[in-house]
Amino acid sequence: MHMPRHFVFSLGFSNVFALTYALFLLLLLGPGVALRAGEAAVGSVAPELGSEKTFNTPGGAPVTLASLRGQVVLIDFWATWCGPCVAAIPHVQELHEKYHDQGLVVIGHTDASSQDLPAFIKQKKISYIISVGKDIGNAYGVSGIPHVFIIDPDGKIAWQGHPAELQDSTVAELMKKAKPPAPPGPPSPAFAKPSPVAKVARYEQLAATGKVGIAVKELGKLAAADKNPTDAAAAKTSLDVISAWRAARDAEQAKAKDDGDVFVAASIAEVLAKQYAGHDDAKALLDTAAALKKDQQWKAGQDYARLAAIPVAGHADPRFIQQVDAFLKKWPDGYYAEQVKALRSH
């Protein structure tokens, strides 16, 4: 059952009358009414929450979906005065506890109509993020609560409905799509402006979209051709841009390896290998990545990446602290141990 959001106590009704009024509205609107037609549909980009403050986060800073891109986010629109919402909390908490260590971010979003939230959170033993805004899901078209939306790593709505209808399997399947932190640095070569030579500009576009190996081979052919000096000069200019980009990526990989960040070093090599598909460099890059993955610290880096993907808002969660302690017990020394200690201090 969804509770209509316009069931508000500030109107001066007695609790009994207010409940009767709410039930009347439910009968009038029908139990399936939860969204206004055409808004916040599965597959659409999730709107921002309008979060103004939070609980269970360091400093109570607002939370934004933009900062959580790449992770799976569960948003529960709820209120303390909504009986069905309160009844759904144990299920939402259970999902948080089960999938938080895999990177699921659970946010319970409400508004100022939810009174005495600190005491309520403590009483109900809620450890996921509680967000407060000016409204409860207006941007999502929510007209009945509780109502849950699950946002996929690309920021799109993957599921929506009553929390009681949400199956563990739905969350587990989406968690497979969570993206690890991207290796640092420019993902592809960037050209200040397209080449005036059309064929060169086409190869630049290939490079910019990640098909660097093919672009380098074709630009190399143009640069070596003697028949058209204009095309050759333009191709050489584009190759210089790509070479500078590649040199920066190689330097970044070397620094990561020297620092002991073998996970990022291997990730950079793998990304470059994929970009250089069809080029002789691809095999050498794959060999480099494979060699780095044999290092035990690469496994530590995997574990660290999962912890680093959890936003700062979740660092106050007792489960995060337990994960940090478990990590340091398993990997007490090295680059990643120092990084995890830094996470714990934030």
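Here are some short exercises, each with a worked solution, on the predicted model shown above.

**Exercise 1. Get an overview of the protein.**
Find how many helices and strands the protein has, and what share of its residues count as buried.

*Solution.* Start with the secondary structure: the protein has twelve helices and eight strands. Next, turn to burial: 46% of the 346 residues count as buried. Then look at the outside, where the accessible surface comes to about 17,300 Å² and 58% of that surface belongs to carbon and sulfur atoms. Last, check the contacts between residues at least 6 apart in sequence: 67% of these join residues at least 24 apart.

**Exercise 2. Describe the disulfide.**
Which residues form a disulfide, and is it right-handed or left-handed?

*Solution.* First, recall what to look for: a disulfide is a covalent bond between the sulfur atoms of two cysteines. In this model, the sulfur atoms of C82 and C85 lie 2.4 Å apart. The cut-off is 2.5 Å, so C82 and C85 form a disulfide. The count for the structure is one disulfide. Now take the torsion about the S-S bond: for C82 and C85 it is about 80 degrees, so the disulfide is right-handed. Finally, check the surroundings: C82 and C85 are both buried.

**Exercise 3. Follow the aromatic rings.**
Work out how W78 and F120 are arranged, and which parts of the chain they tie together.

*Solution.* Begin with the total: the whole structure holds seven aromatic pairs. In one of them, W78 and F120 sit 5.5 Å apart centre to centre, with 35 degrees between their planes, and the pair is tilted. W78 belongs to the loop between β3 (73-77) and α2 (83-99), while F120 belongs to helix α3 (residues 117-124), so this pair ties together parts 42 residues apart in sequence. W78 and F120 are both buried.

Now try a second pair. The ring centres of F263 and W298 are 6.0 Å apart and their planes meet at 40 degrees, so this pair is tilted. F263 is in helix α8 (residues 262-275) and W298 in helix α10 (residues 296-308), 35 residues apart, and the pair links these distant parts of the chain. F263 and W298 are buried.

To finish, find a cluster: ring pairs link F77, Y140 and F149.

**Exercise 4. Examine helix α7.**
How does the span of α7 compare with the expected value, and what covers its buried residues?

*Solution.* Count along the helix: α7 (residues 229-259) has 31 residues. From first C-alpha to last it reaches 45 Å, close to the 45 Å expected at 1.5 Å a residue. Its buried residues include L239, I242, W245, R246 and R249. Their cover includes α5 (198-208), α6 (212-224), α8 and α9 (281-293). R246 also lies over the face of Y276, 4.7 Å from the ring centre. Just after the helix comes G260, with a positive phi near 100 degrees.

Helix α6 can be treated likewise. It has 13 residues and reaches 18 Å, close to the 18 Å expected. Among its buried residues are V212, L219 and L222, and the buried residues of α6 pack against α5, α7 and α8.

**Exercise 5. Place L272 in its surroundings.**
Is L272 buried or exposed, and which residues is it in contact with?

*Solution.* Locate the residue first: L272 is in helix α8. Its relative accessibility is 0%, so L272 counts as buried. Setting aside neighbours within four places in sequence, L272 is in contact with W245, R246, R249, D250 and L285. L285 is 13 residues away along the chain, and the C-alpha atoms of L272 and L285 are separated by 6.9 Å.

**Exercise 6. Look at the backbone in three loops.**
What is notable about the peptide bond before P146, and about phi in N56 and D116?

*Solution.* The peptide bond from I145 to P146 is cis, with omega near 5 degrees. P146 is in the loop between β6 (144-145) and β7 (147-151). Next, N56 has a positive phi near 65 degrees although it is a residue other than glycine. N56 is in the loop between β2 (51-55) and β3, and at 26% relative accessibility it counts as partly exposed. Last comes D116, also not a glycine, with a positive phi of about 50 degrees. D116 lies in the loop between β4 (105-111) and α3, and at 55% relative accessibility it counts as exposed.

Notes:
Residues are numbered from 1 along each chain as its sequence is written. This is a predicted model: local features need pLDDT of at least 70, side-chain atom pairs count only at pLDDT 80 or more; totals for chains, interfaces and linings use all residues. Side-chain values use heavy atoms; hydrogens and water are left out. Buried means under 20% relative accessible area, exposed over 50%, partly exposed in between (1.4 Å probe, protein chains only). Rings of Phe, Tyr and Trp (its six-membered ring) pair if their centres lie within 6.5 Å; planes under 30 degrees apart count as stacked, over 60 as edge-to-face and the rest as tilted. Helices (H or I, at least four residues) and strands (E, at least two) are DSSP runs, numbered from the N terminus. A charge sits over a ring if NZ of Lys or CZ of Arg is within 6 Å of the ring centre and within 35 degrees of the ring normal. Contact means heavy atoms within 4.5 Å. Accessible areas come from the Shrake-Rupley method with a 1.4 Å probe; for residues, only the protein chains shown count as cover. The expected span of a helix is 1.5 Å times one less than its number of residues.
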